[in-house]
Amino acid sequence: MLAEKVEELSGENLYACYQCGKCSAGCPMAEMMDFLPNQVILLILRGDEGVIDSKTPWICAQCYQCGTRCPKNVDITKIMEALRAIKLRKNIDHLKINKLKKLPQIAVVSATRKYTG
Amino acid sequence: MKIAYYPGCTLKTDAKNFENATINLFKKLGVELIELKKWYCCGTVYSLTKDNLMYRLAAIRNLIKAKEEGYDKITTLCSICYNTLKQANEMARNDREAMDKINSFMEEEIDYDGSVEIIHPLEILKNMEDKIRENVKKPLNKKYASYYGCLLLRPKNIAIDEFENPSIMERMLEACGGKLINFPLKNECCGSYTVVEDKNAVVERCYRIISNAKINGADAIITSCPLCHFNLSEIQEEIKKCYTTFTGLPVLYFTEVMLEALEG
């Protein structure tokens with residue numbers, strides 16, 4: 001079950017979410033996403049495996065805005081990490097290494113930590 | 001006063017100017033920053049999966065080094081290092097099961113229990129406001145937008161100031177004579193490491209942030225994070241390609257500006 005897996009990896013209770021949309025309203029990256037953070041939770045709960053291939057978890061920059069504002073204390077940042085982990089642990093990396101040019105270490109190391117398994 | 005200092009990777013290369021300015025600023029205020037004799041990269045962004053503790057080892061190992069060298073308090077400049085070390089330390093303090101695993105895995109190191117305190121330079125400066133005022137030789141005469149980004153303020157339990165409306169950086173710059181503008185996007189993320197994968201996302205974020213600072217009358221943006229600094233300054237050329245009417249703003253580290261005021 002997808003929901004169980006995500007809860008196990010993130011340590012968050014998905015069923016606490018009541019779809020108020022506050023996470024998506026505050027998310028600075030929302031306009032680049034195919035599914036909004038609250039929609040991602042809904043899709044996981046519906047067991048829609050397609051959410052694993054969504055752009056959203058990779059666009060998340062781990063800024064913690066969503067979880068800080070959540071009235072139910074659901075840390076959506078951790079849910080995004082869980083979705084990334086599901087893919088990365090199947091040995092499917094998200095990063096094309098040849099894109100790394102003229103970037104400071106801080107960006108390169110962060111990206112390899114988040115985009116490779 | 002002496003305080004232990006953990007630099008992290010970028011402070012020794014791309015953000016060397018940030019490190020130099022900070023060390024000199026603190027020296028002027030009578031505080032010596034003493035670099036740890038041995039330190040490693042903290043692993044940058046804090047890992048959030050619950051079952052994989054391997055990613056937390058780098059941060060914990062640095063805290064062990066600080067403890068071994070006899071410190072109970074360390075400071076670090078980079079926002080990502082601050083966030084990662086502080087969150088790892090919170091885990092060490094609150095998750096005994098995880099720490100038992102980590103301590104037994106690193107059997108050659110001393111056990112760690114969360115006893116080292118991580119403090120951000122802004123938190124040290126906050127208690128020296130009067131001293132800063134007394135030492136200003138040439139008051140700042142520009143209007144600044146202080147930009148915090150995300151990792152100094154969130155998650156809530158590690159915030160250096162009020163997480164929705166921080167003012168600590170403004171207070172320091174005001175003490176140096178600077179005028180601070182109201183800047184509602186000061187705690188909105190710049191896009192962080194997504195610049196590696198998707199430059200457009202960062203172009204959009206930084207366009208919003210810089211334009212907002214500009215509309216509110218800023219002459220410069222002040223930051224404390226090497227990655228925010230990179231994104232906000234380096235991406236301006238890319239922004240100009242997408243938004244032809246866009247004119248940029250200089251992006252500076254808070255200690256660079258403060259040192260300028262104190263050196264005269």
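User: Accessible areas come from the Shrake-Rupley method with a 1.4 Å probe. On that basis, what share of the area that chain A exposes is supplied by carbon and sulfur atoms?

Analyst: Happy to start there, bearing in mind that this is a predicted model. Chain A exposes about 5400 Å². Of that area, the part supplied by carbon and sulfur atoms is 51%.

User: Which elements make up chain A, helices or strands, and in what order do they run?

Analyst: Chain A has zero strands. Its helices number seven. Read from the N terminus on, the order is therefore α-α-α-α-α-α-α.

User: Why can chain A be called as compact as a globular protein of its length?

Analyst: For 117 residues, the globule rule gives 13 Å. The radius of gyration of chain A is close to that value, so the chain is as compact as a globular protein of that length. Along the principal axes, its C-alpha trace spans about 45 × 30 × 25 Å. The radius of gyration behind this reasoning is 14 Å.

User: How much of chain A counts as buried?

Analyst: A residue is buried when its relative accessible area is under 20%. Contacts add to the picture: among those in chain A with a separation of 6 or more, 61% are between residues 24 or more positions apart. Of the 117 residues of the chain, the buried share is 55%.

User: How far apart are the mean positions of the positive and negative charges of chain A?

Analyst: Chain A carries 17 positive charges and 12 negative ones. Taking the mean position of each group, the separation is 8 Å.

User: Which residue in the loop between helix 5 and helix 6 of chain A has a positive phi?

Analyst: Most residues other than glycine have a negative phi. The loop in question lies between helix 5 (65-69) and helix 6 (76-88). There, a residue with a phi of about 55° is not a glycine, and it counts as exposed at 58% relative accessibility. This residue is Asn73(A).

User: Is Thr44(B) buried or exposed?

Analyst: Thr44(B) sits in the loop between strand 2 (32-35) and helix 2 (57-68) of chain B. Its phi is also positive, near 50°. The relative accessible area of Thr44(B) is 2%, and the cut-off for burial is under 20%. Thr44(B) is therefore buried.

User: What is omega for the cis peptide bond in chain B that joins Arg154(B) and Pro155(B)?

Analyst: Most peptide bonds are trans. Pro155(B) lies in the loop between strand 5 (143-146) and helix 7 (168-175) of chain B. The bond joining Arg154(B) and Pro155(B) is cis, with an omega of about -5°.

Note on methods. Residues numbered from 1 in each chain as written. Chains lettered and ligands numbered in written order. Predicted model: local features only at pLDDT ≥ 70, side-chain atom pairs only at ≥ 80, totals over all residues. Heavy atoms only, no water. Helix = DSSP H or I, 4+ residues; strand = E, 2+ residues; numbered from the N terminus. Rg over C-alpha atoms; globule rule 2.2 N^0.38 Å. Buried < 20%, exposed > 50% of the residue type's maximum accessible area, 1.4 Å probe, protein only. Contact = heavy atoms within 4.5 Å. Lys, Arg positive; Asp, Glu negative; His and termini not counted. Charge placed at Lys NZ, Arg CZ, Asp CG, Glu CD.
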